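Please open the model in your viewer and keep the selection panel at hand. The tour below moves from stop to stop, saying at each one what to select and what is to be found there.

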Amino acid sequence: MTETDQQETAQQETAKQEMLEVDISMNQEQFDAVTKPLDANVQVLAGPGTVNRVLYLLSKGVLPNRILVLTYTNRAIYEFRTRVNDIIGQDLGSQLRIHTVHSYCQEMLQRHGQLIDLPEVQIIANKIDKEYIEGIVIRKIQKTHVDKDYKVAKRVFHAALDSKLNKRSANFVPESLKKEVLEIYNVELRKAFLFDYDDLIILTEKLLKNFPEVANDLDSVLVDEFQDISQPLWNVIKRLAKHSSLYAAGDPDQNIFGFLGAHSIIFKEMRQDFKVDQVILTRSYRSSQPILDAAYELISHDNQREHSKSLIADESYLAENMIESIPPRLIVLKTATEEMSWVSCTVRFLMEQGVPAHDIVVLARTGRIASEIADPIQSGSGTRTIVIGGTSLLETDEASVCNTILRFLQYPDRNLFVLNLIRRYHLFIAPKDLETAINRATELEISLIEALRDPGPWITNAKREKLNSFLEMIDRSHQIMREDPKSLEKVIEALRYCLGKLQLVEKVRLKYARTYRSRLRNIDKFIEYLYSVKDYVAWEMESHTERTFLEQLLASSVFYHITPTVDELVISTVHAAKGREWRVVFVVNADDKVYPHIRTHGSPKELNEERRVLYVAMTRAKERLLVSYHKENAYDNFTQNVPSRFFTPSVLKKLEASEGSVNATGVYSNYALAEQKYPLLFKQPKYYRTTLNKRFHTLARPAILKCSPTTALCNTARTFSHLPRLISRFL
């Protein structure tokens, strides 16, 4: 027996011993799914189950580094790994290969990309890179198709990008034009040595097709959220599982990524491509029964459902985790401002009652809505927020500057990073002179930074002085990082030095007089995020000892995905919340123009997907589900918003919801009840009425306290020296 065989045998024995001490508590349905033979292909409907399957595989001696788990978000990876580590220990759990599909593809290409002539490190194009390349492609579209104005050319460009992975794209663009535009786009990406996320999937499929042996180091592939797998992703997974077992868990009722090409038909394709054992789970270990009943009543109207299953809450699990059965509520408010105030007050109250910020989420239908409500909720609730799925941290202008600086410092010979830094952040060189330098670099076949270091006779002394300040910034930054190449602190020191030379703080203050404070906080958040991934990057460097910290950071897939910390309130889109769960869930803007999205009103097929979006939002809640919308129509003063059409009378009964304040929850409902019961009080002079209104919304606690309008008013009265008599006259 070789030394390698002895090590593998020892690892198998260790895994068995670890698993002998683990008591996997499962019901009969889960047990049947989890304990299928090691070489069986299993399809599990309506339940995760992958954690228990992993534990079962380990107990049977499968090596952890031969198990691949694919899930949808980095946060899901963190929760999965945390749960496994708590059971089997970090030493064994850290050997498991747990990835998103994109991060695994990126890892595969870094390890084996040279087989298909790829560079060792694949840098993912960020917001600034894409904007620059988009401009180039659009101008070329306009030149070759003179009838295309800028707006039309931009629509053509985005339609072509959407077709790259067979996503839902505009039908008005001919396929031949989409193909032509994609070719231009891919050429420009490669010129800049960049890749996008679609490339990761396409190139990995190419790698597996031509060199299938690179996947021979897997014994089992497990896929969570299988209903969100598109055809290109399925092609990759299918090739990965060609010589191993496949365990896919998902819920067709939660298929909400149709615009990315996902379709529940993937379940059928898996049964056609593999010999599959299908298991349907009906017991839920997440939500309380009232929430499940309301969600089932909503989804039961979807006429595309293949399985008319209903879920049953596991009462023993809920009791063990102290999850109460609280009926979900629908809250109706007058204006958008009142809705955000109500959310903020309720969040603040829940946190005072001991619910941590990271166990509360505010779900919005779109990224735009999520970004817009972040600041009002943060200021109103007094807790830090993080937006997931909207404009994420790395997509903000300030963080993009930091990201570009880091890329430029690591790869100064890549022209795109030099151009982004010079053109957008500081005028070190005039546009015409920059064009001259670009032409000189092209003629001499050298990089742009080399052409700037030796610009030629065209540059004057005044211009050379500005250019030298730019070159000195580069040299000084590299000098700082060379003091300790393996240190994050030196990377951050160099970053701060560049930010000072670029005068970013002063520029943000001048350009954004009202919002500059929140924008500058994005820089601090970016640096905090670098510290949060420090340990993970250091761990990856153990396998790449020749790399500096910055080089490994930019190569690491973890760098491109932001996850919340324990003290942050998550404001997320519904799509970004997939696979997650929270104790308290707010679903805001639940009117008929948002659920379903107004653009889908004419498509029955898309309406069913919109219903599933709302179903997913509701089933993120473990204990408390609070749905709200406001009546004020910002676009039409003559009509009011109405609740989502998905809230049929039968659903409203499950939600205990009705018009106005009756059976509703929150500060506004208490205020409305008080107004109904004591009308004379609210007919007082404007000064008293306005003051009472403000104080009431701030101090009268939500109906979670189950306080009457009288009690709420008394609580309000105690805060004034000049109002008790006025209020007492009407109590």
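**A charge over a ring**

Begin by selecting Tyr 411 together with Arg 414: in this predicted model, Arg 414 lies over the face of the Tyr 411 ring, at 4.2 Å from the ring centre.

**Aromatic pairs**

Widen the view to the aromatic side chains, among which a search of the whole structure finds six pairs. For one of them, select Phe 157 and Tyr 185, whose ring centres are 5.8 Å apart and whose planes stand at 70°, so that the pair is classed as edge-to-face. Colouring the helices helps here, because Phe 157 belongs to helix α8 (residues 150-162) and Tyr 185 to helix α9 (residues 175-191), and the pair therefore ties together parts that are 28 residues apart in sequence. Are these two residues buried or exposed? Both Phe 157 and Tyr 185 are buried.

Next select Phe 226, Trp 234, Phe 267 and Phe 274, which together form one aromatic cluster.

**Strand β2 and its neighbours**

Now select residues 67-71, which make up strand β2; five of its five residues are buried, so the strand is largely enclosed by the rest of the structure. In a regular strand the side chains alternate between the two faces of the sheet, and it is worth turning the view to look at each face separately. On one side of β2 are Ile 67, Val 69 and Thr 71, and on the other are Leu 68 and Leu 70, all of them buried, so that both faces are covered.

Which strands pair with β2? With strand β6 (residues 220-223), β2 pairs in the parallel sense over four bridges, and in that pairing Ile 67 stands opposite Ser 220. With strand β3 (residues 97-100), β2 likewise pairs in the parallel sense over four bridges, and here the bridge partner of Leu 70 is His 99.

**From β6 to β7 and β1**

Keep β6 selected and add strand β7, residues 245-250. The two strands, β6 and β7, pair in the parallel sense over four bridges, with Val 221 standing opposite Leu 246 in β7. Adding strand β1 (residues 41-45) to the selection shows four bridges that join it to β7, the two running parallel; Leu 45 has Gly 250 of β7 as its bridge partner.

With the neighbours displayed, return to β7 itself, where six of the six residues are buried, so this strand is largely enclosed by the rest of the structure. Both of its faces are covered: Ser 245, Tyr 247 and Ala 249 are buried on one side, and Leu 246, Ala 248 and Gly 250 are buried on the other.

**Cavities and helix α13**

Turn next to the internal space, where four cavities of 30 Å³ or more are counted. The largest cavity has a volume of about 60 Å³, and to find it, select Leu 292, Tyr 296, Ser 310, Leu 311 and Tyr 615, which lie nearest its centre among the eleven residues that line it. By class, this lining has six nonpolar, two polar and three charged residues. Which helix gives the largest share of the lining? Helix α13 (residues 289-299) does, with four residues.

While α13 is selected, pick out Ile 299, which has its place in this helix and is buried, with a relative accessible area of 0%. Adding Asn 608 gives a pair that is 309 residues apart in sequence and 9.0 Å apart in space, taken from C-alpha to C-alpha.

**Backbone features in the loops**

For the last stops, switch to a display of the backbone. Select Tyr 595 and Pro 596, which are joined by a cis peptide bond with omega of about 5°; Pro 596 is found in the loop between β15 (582-587) and α27 (604-618). The loop between β15 and α27 also holds Asn 589, a residue other than glycine whose phi is positive, near 55°, and which counts as buried at 12% relative accessibility.

Finally, select Asp 117, in the loop between α6 (101-112) and β4 (123-124). Asp 117 has a positive phi of about 65° although it is not a glycine, and it is exposed, with a relative accessible area of 71%.

Technical notes
Residues numbered from 1 in each chain as written. Predicted model: local features only at pLDDT ≥ 70, side-chain atom pairs only at ≥ 80, totals over all residues. Heavy atoms only, no water. Buried < 20%, exposed > 50% of the residue type's maximum accessible area, 1.4 Å probe, protein only. Pairing = 2+ DSSP bridges. 1 Å grid on protein atoms, 1.4 Å probe; cavity = no way out; pocket = protein on both sides within 12 Å on 5 of 7 lines; lining within 4 Å. Points joined across faces, edges and corners; volume = space filled by probe spheres on them. Nonpolar A, V, L, I, M, F, W, Y, C, P; charged D, E, K, R; others polar. Phe/Tyr/Trp six-rings, centres within 6.5 Å; stacked < 30°, edge-to-face > 60°. Lys NZ or Arg CZ within 6 Å of the ring centre and 35° of its normal.
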